[in-house]
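Biologist: Before we accept the labels attached to a structure, I should like to hear the reasoning behind them. Please show it, and let us go through the terms one by one.

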Amino acid sequence: MEKTALYNFHKNLGAKFVAFAGYQMPIQYKDGIVKEHITTRQTAGFFDVSHMGQLFISGSKSLEQNLEKIIPLDFKEIKINQSKYSFLINDKGGVIDDLIITRVDGGFNIILNAACKDNDTKEIAKCLDSDSKYELKKDLSLVALQGPKSETILEAIIPGVKQLKFMNGDYFKFQGKKIYVTRSGYTGEDGFEISLSNTNAENFTKLLSNKGAKPIGLGARDTLRLEAGLCLYGHELNQDISPIQANLKWAISKRRREEGGFKGWENIQNDLKNGVSKIRVGIKPSGRIIAREGTKIFSSSGDEIGVVTSGTFGPSVNTPVAMGYIQSKFSEIDNKILLEVRGKKHDAVVSKLPFYKKSYVK
Amino acid sequence: MSEKKFSKKHEWVSLDGDTATVGITKHATEMLGDIVFVEVPEPGKSVEKDSQAAVVESTKAASDVYSPISGEILEGNKSIVDDPGNVNSDPEGASWFFKIKVKDKSEFDTLMNKADYDKFCAENPS
């Protein structure tokens, strides 16, 4: 089991740990999930996400062309220091992983899910020419700072970051060392992700704490992203689900939707042209019942029409929230559906996403 | 009312005549974290010792609550159904789960006392 550079720091803060993707990660601290969730929405929270992969790729002119084989973005559209959300696509048009890719000097930085990062690196390497270089950085930590006070807190430590627009990044200096900061996140709040060397991670995170940001564990990270309607790989996304089924068509660039030229294009093109038989939706149970992953979904006439992929209680919306896949013909917003929990069927409706309104800085 | 007794599944029971009050322990709530959903049994339902009688869910997961004693349900605590967070704030007091008409009082004697339960928790950290 691996530990991040911040493991001891978490321990001193009273974290409860859980095994996640081969790492000992804090699931919560002393405040607990609900309080940590609310803190992030109201002030600011920091998250150690160093388990995630940070893959740097550099190469010659053909690099972009090669990456376009497996990532359905229009690479010419990505400006320097701009970040884009997309996927690695398999031959069937399923999602190998979802990712954030940022163009940096001389190449790209790709943030990958912890459980997928080694396989992702292999899949990407297969598409590259021999003159391309790639490295899954083990010497870097990744810290997310999220919430409405993030800008003020981070600006006090790293002057200049407030200039960053959402889904943009840049290099900054911290204690004499180069770090990379993007304005992004996974909570539905304004915030930043800071990539810096392992040796600097604890110093930096302590400063965030001194400035009033609170530590937030993976538990609240999950309730936050679910309220924000964001997908979690292994739940809403996997190798058998296409981005079109996942209702993430927007994450395939326009030119690529028209021209294809990436893995699994035949299936994706078919999904785009003919529609999909099942689609990801938001689900709001009518009462307090929580529909966990695997909960069967039925139509009001009693036919099984889908399954829940994530479900919890949303502390900010103060109701249970879920996402899942249902037959497309039942996917209209406000459509009444039934959720089978512990043998009983409970009323629910198809809900628009996000459950909680975003407040990104554009 | 009698002293509280405890089960290995982290329920507490107190006995008043042949009426037992059952809840989950403070230790259980600490393991569960923030409680966001509670389901209690309907009056009239008969339950066996160690059978599932109620449900408690935290932000993390759903867990069954077992009855440490056999009998017939007299009442479920609606106040924790309406406000599940109360279980975190007062698990061994006002936030009991259900009251039960006890079939066999000798079952009560087989449960752990406070000292034994504390020892059990210390030896079985989650």
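Biologist: What makes the contact between the side chains of Arg342(A) and Glu39(B) a salt bridge?

Modeller: This is a predicted model, and every value is computed from it. A salt bridge requires a side-chain nitrogen of Lys or Arg within 4 Å of a carboxyl oxygen of Asp or Glu. For Arg342(A) and Glu39(B) the N to O distance is 3.8 Å, so the pair satisfies the limit of 4 Å. Arg342(A) lies in the loop between β18 and β19 of chain A, while Glu39(B) belongs to strand β4 of chain B, so the pair joins two chains.

Biologist: Why is Arg342(A) called partly exposed?

Modeller: Buried means under 20% relative accessible area and exposed means over 50%, with partly exposed in between. Arg342(A) has 36% relative accessibility and therefore counts as partly exposed. Glu39(B), at 24%, is likewise assigned to the partly exposed class.

Biologist: Which salt bridge involves Glu57(B), and are its partners buried or exposed?

Modeller: Glu57(B) meets Arg292(A) in a salt bridge with an N to O distance of 2.8 Å. Both residues are buried. Glu57(B) lies in strand β6 of chain B and Arg292(A) in the loop between β14 and β15 of chain A, so this pair also joins two chains. The count between chain B and chain A is 3 salt bridges.

Biologist: How do you know how much surface chain B and chain A bury between them?

Modeller: The buried area is the accessible area that two parts lose on being put together, summed over both. For chain B and chain A this amounts to about 1,300 Å², 48% of it on carbon and sulfur atoms. On the chain B side, Val36(B), Thr59(B) and Lys60(B) lose the most area, together 40% of what that side buries. In terms of contacts, 16 residues of chain B touch 15 residues of chain A.

Biologist: What separates Glu202(A) and Lys206(A) in helix α6 of chain A?

Modeller: These residues are 4 positions apart in α6, which means about one helical turn. Their side chains meet in a salt bridge at 3.2 Å, N to O, and this distance falls within the limit of 4 Å. Glu202(A) has a relative accessible area of 26% and is partly exposed; Lys206(A), at 39%, is partly exposed too.

Biologist: Why are the buried residues of α9(A) said to line one face of the helix?

Modeller: In α9, residues 265-274 of chain A, the buried residues are Trp265(A), Ile268(A) and Asp271(A). Seen down the helix axis, they fall within an arc of 125°, so they line one face. The face turned away from them carries the exposed residues Glu266(A), Lys273(A) and Asn274(A). The buried residues pack against β5 and α8 of chain A.

Biologist: What makes β5 and β8 of chain A edge strands?

Modeller: The open sheet has 5 strands in the order β5-β6-β7-β4-β8, with antiparallel pairing. β5 and β8 each have a single partner strand, so one side of each is left without a neighbour in the sheet. The twist averages 25° from one strand to the next.

Biologist: How do you know that β14(A) and β17(A) pair?

Modeller: Pairing requires at least two bridges. β14(A) and β17(A) share 6 bridges in the antiparallel sense, so the criterion of at least two is met. One of the partnerships is Gly282(A) with Met323(A) in β17(A). β14(A) also pairs with β19(A), again antiparallel, over 4 bridges. Strand β14 itself is mostly covered, with 6 of its 8 residues buried.

Conventions
Residues are numbered from 1 along each chain as its sequence is written. Chains are lettered from A and ligands numbered from 1 in the order in which they are written. This is a predicted model: local features need pLDDT of at least 70, side-chain atom pairs count only at pLDDT 80 or more; totals for chains, interfaces and linings use all residues. Side-chain values use heavy atoms; hydrogens and water are left out. Buried means under 20% relative accessible area, exposed over 50%, partly exposed in between (1.4 Å probe, protein chains only). The arc is that of the directions from the helix axis to the C-beta atoms. Contact means heavy atoms within 4.5 Å. Axes are lines fitted to C-alpha atoms, for helices over the stretch in contact, and angles run from 0 to 180 degrees between N-to-C directions. Buried area is the accessible area (1.4 Å probe) that two parts lose on being put together, summed over both.
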